[in-house]
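Colleague: I have a chain here that I would like to go through with you. Could you show it first?

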Amino acid sequence: MKQFDFHTSGIGAFSSMFICALFLIAAAGCKVDSQNNATWMPPQKIQINTPYFIRTIEKNGMDAIKLDDPVIRYVATARYPEYASLSFTSLNEYIQEYVNEKLEDFSDVMLTGSYQGVFPEDSVSEMSIDFTLFHYTSAFTSIFFEGFEKTPAVPKGFKYYKCINYDALNEQVLLLEDCLLGSEEYEKFSEIVGQKIAELNLGVTEEQIRNATDPGKPENYELFIIRPGEFLIFFQPFQLGPKIREQKKVSVSFNEVSVQPFILDIIAYHSWLEFNGK
């Protein structure tokens with residue numbers, strides 16, 4: 001499997017790196033204890049070897065109903081990761097396709113609506129997409145996307161979400177059922193999630209909980225994140241009931257269900273560098 005590896009070759013480069021290392025140690029006042037083999041730990045606030053670049057797209061929609069006085073109809077921005085490793089090439093393409101599709105759909109609706117006179121001429125709509133990286137190894141990553149749209153039709157705006165758990169070894173986006181040992185564990189998982197929702201005391205009925213956690217409905221478990229030791233299950237606004245307008249989440253420990261062995265492998269693959277989300 002191909003991967004970007006950045007190496008510095010040559011004796012001169014090695015000497016320069018060695019001198020720089022000594023300088024940093026002296027400046028920080030660190031002591032090197034050859035007997036105790038002490039390991040230097042990097043400061044927690046500094047990201048070392050960030051595995052992705054941050055890409056940003058911004059679109060401004062101009063509606064030329066009046067040719068001599070065009071009107072800005074919308075402003076849309078998207079922020080997303082682009083991974084440096086070739087192992088994540090398919091994921092990069094998947095993310096770019098998702099972001100571009102959201103932007104195009106939004107712009108099409110905004111311009112079509114303005115031409116048809118649905119929106120006032122002085123209205124400006126907004127859209128944004130951002131992300132949180134929950135976990136990363138050289139074989140796996142889990143990402144949480146949050147979108148927001150605000151239009152004259154929905155002046156307070158609304159949010160929507162998307163989760164991606166990517167297995168780089170097999171180049172696949174994982175479904176929850178891929179992560180568990182068989183259908184019986186999937187059923188058990190849904191029961192555990194239902195119990196945890198009931199413990200939140202949200203005022204929802206047993207029937208609403210059953211509908212929201214039914215394993216026979218794949219859409220119920222589209223929003224999940226894998227990170228070391230647990231699954232995070234998210235629920236879209238209104239998914240649990242008409243009165244639940246905010247996103248909700250519960251966690252299920254790996255100790256509560258039987259997890260596929262390959263999941264345990266890929267989330268621990270060279271995972272000294274971790275990103276913890278919300």
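The questions below go through this predicted model, from the overall fold to single side chains.

Colleague: In what pattern do helices and strands follow each other along the chain?

Modeller: The model is predicted, and local features are taken only where pLDDT is at least 70. The secondary structure comes to five helices and nine strands. Read along the sequence, their order is α-β-β-α-β-β-β-β-α-α-β-β-β-α.

Colleague: What share of the contacts with a separation of 6 or more joins residues 24 or more positions apart?

Modeller: The chain has 278 residues, of which 37% count as buried. Among the contacts in the chain with a separation of 6 or more, those between residues 24 or more positions apart account for 63%.

Colleague: Which element supplies the largest share of the largest nonpolar core?

Modeller: In soluble globular proteins, nonpolar side chains tend to be buried together. The largest nonpolar core here has 30 residues, and Leu176, Phe189, Val193, Ile226, Phe231 and Ile233 have the most contacts inside it. At least two residues come from each of helix H3, helix H4, strand S7, strand S8, strand S9 and helix H5. The largest share, five residues, comes from H3.

Colleague: Which residues does isoleucine 233 touch, leaving out those up to four places away in sequence?

Modeller: Isoleucine 233 is one of the residues with the most contacts inside the largest core. Outside the stretch up to four places away in sequence, the residues touched by isoleucine 233 are Leu176, Phe189, Val193, Tyr221, Leu223, Phe224, Lys248, Lys249 and Val250.

Colleague: How many residues are in the other core, which lies apart from the largest one?

Modeller: Tyr80, Phe88, Leu91 and Tyr160 are among the residues of this other core. The core that lies apart has 25 residues.

Colleague: Are the rings of phenylalanine 189 and tyrosine 221 stacked or edge-to-face?

Modeller: The structure has 18 aromatic pairs, and phenylalanine 189 with tyrosine 221 is one of them. The two residues are 32 apart in sequence, with phenylalanine 189 in helix H3 and tyrosine 221 in the loop between H4 and S7. Both are buried. Their ring centres are 6.2 Å apart with 80° between the planes, and because planes over 60 degrees apart count this way, the pair is edge-to-face.

Colleague: Which charged residue sits over the ring of tyrosine 98?

Modeller: Tyr98 belongs to an aromatic cluster that also includes Tyr52, Phe88 and Phe131. Over the ring of tyrosine 98, at 5.2 Å from its centre, sits the charged end of lysine 162.

Colleague: And what distance separates the charged end of lysine 102 from the ring centre of tyrosine 160?

Modeller: Tyr160 is part of the core of 25 residues. The charged end of lysine 102 sits over the ring of tyrosine 160, and its distance from the ring centre is 4.5 Å.

Colleague: How many residues apart in sequence are aspartate 130 and arginine 79?

Modeller: The whole structure has five salt bridges, and one of them joins aspartate 130 and arginine 79 at 2.6 Å, N to O. Aspartate 130 lies in strand S3 and arginine 79 in strand S2, so the salt bridge ties together parts of the chain that are separated in sequence by 51 residues.

Colleague: Is arginine 55 buried, exposed or partly exposed?

Modeller: Arginine 55 forms a salt bridge with glutamate 82, with the closest N and O atoms 3.1 Å apart. That pair runs from strand S1 to strand S2, 27 residues apart. Arginine 55 has a relative accessible area of 34%. Because that value falls between the 20% and 50% limits, arginine 55 is partly exposed.

Colleague: What is the relative accessibility of lysine 159?

Modeller: Lysine 159 in strand S5 and glutamate 146 in strand S4 are 13 residues apart. Their salt bridge has its closest N and O atoms 3.6 Å apart. Glutamate 146 is partly exposed at 23%. Lysine 159 also counts as partly exposed, at 42%.

Colleague: Which residue has a backbone oxygen 2.7 Å from the side chain of threonine 137?

Modeller: Threonine 137 lies in strand S3 and counts as buried at 0% relative accessibility. A polar atom of its side chain is 2.7 Å from the backbone oxygen of isoleucine 266.

Colleague: Which side chain does arginine 227 meet in a polar contact?

Modeller: Arginine 227 is found in strand S7. Its relative accessible area is 17%, and because this is under 20%, arginine 227 is buried. The polar contact, of 2.7 Å, is with glutamate 230.

How values were computed
Residues numbered from 1 in each chain as written. Heavy atoms only, no water. Salt bridge = Lys/Arg side-chain N within 4 Å of Asp/Glu carboxyl O. Helix = DSSP H or I, 4+ residues; strand = E, 2+ residues; numbered from the N terminus. Buried < 20%, exposed > 50% of the residue type's maximum accessible area, 1.4 Å probe, protein only. Core = buried A, V, L, I, M, F, W, Y, C linked by side-chain atoms within 4.5 Å. Contact = heavy atoms within 4.5 Å. Phe/Tyr/Trp six-rings, centres within 6.5 Å; stacked < 30°, edge-to-face > 60°. Lys NZ or Arg CZ within 6 Å of the ring centre and 35° of its normal. Polar contact = N/O pair within 3.5 Å; in protein donor to acceptor, adjacent residues only side chain to side chain.
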